[in-house]
Amino acid sequence: MSTFDLKTAATTIRDRAYAPYSNFKVGAAIRGESGAVYPGVNVENAAYPEGTCAEAGAIAAMIAGGDTRLTEVYVIADCPAPVPPCGGCRQKLAEFGAPDTPVILATLAGEELRTTLGDLLPGAFTPAHMDKD
Ligand code: THU
């Protein structure tokens, strides 16, 4: 399966972002292990810290949809350079993927940066770090 459907899903859904405070709409799409594509947008709030990122929305959709592992991520925004996920989203994505899971960051103008979860968050905290023996 190509990245095309992820790009289409993230780009289409981005318009529905609720971002009246930053005016910065972000669209994300995640492919679950089943092959299904899950979109998400940022949802802001008048109480600013309560806002959520597009990646978090896509993760919630994935879990609600029955997938618990992700195989590819696409994130797009109207910005001068491919939009980098925030630190919290890097950790959230790492929970469900692998260090070599591809992540494509994009601009509306068509620029893309291909990276991986491992490159975005080296040394991620994982369940293995809670092993006591
Ligand atoms: N935002 C995302 O949704 N994903 C990112 O990868 C970067 C930032 C959102 C959060 C907030 O609603 C707005 O962009 C400005 O920070």
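This passage describes the surroundings of the ligand and the two largest pockets of the protein. The structure is a predicted model, in which local features require pLDDT of at least 70 and side-chain atom pairs count only at pLDDT 80 or more, whereas totals for chains, interfaces and linings use all residues. Residues are numbered from 1 along each chain as its sequence is written, and side-chain values use heavy atoms, with hydrogens and water left out.

The ligand is surrounded by Ser22, Phe24, Val26, Asn42, Glu44, Cys53, Ala54, Glu55, Pro84 and Pro85 (a residue is near a molecule if one of its heavy atoms lies within 4 Å of it). By class, this shell comprises six nonpolar, two polar and two charged residues (Ala, Val, Leu, Ile, Met, Phe, Trp, Tyr, Cys and Pro count as nonpolar, Asp, Glu, Lys and Arg as charged, and the others, Gly among them, as polar). Polar contacts are pairs of N or O atoms within 3.5 Å. A polar side-chain atom of Glu55 is placed 2.6 Å from an oxygen atom of the ligand, and one of Asn42 is placed 3.0 Å from a ligand oxygen atom. Ala54 contributes a backbone N or O atom, 2.9 Å from an oxygen atom of the ligand. Of the 380 Å² of accessible area that the ligand has on its own, the protein covers 76% (Shrake-Rupley method, 1.4 Å probe).

The ligand occupies the space of the largest pocket (more than half of its atoms lie within 2 Å of the grid points). A pocket is an open set of points on a 1 Å grid over the protein atoms alone, where a 1.4 Å probe fits, with protein on both sides within 12 Å along at least five of seven lines; lining residues have an atom within 4 Å of a point. The largest pocket holds about 220 Å³ of space and is lined by 19 residues, with Phe24, Val26, Asn42, Glu44 and Cys53 nearest its centre.

The second largest pocket holds about 170 Å³. Its lining has 13 residues, of which Ala94, Gly97, Pro99, Ala124 and Thr126 lie nearest the centre.

Technical notes: Polar contact = N/O pair within 3.5 Å; in protein donor to acceptor, adjacent residues only side chain to side chain. Points joined across faces, edges and corners; volume = space filled by probe spheres on them.
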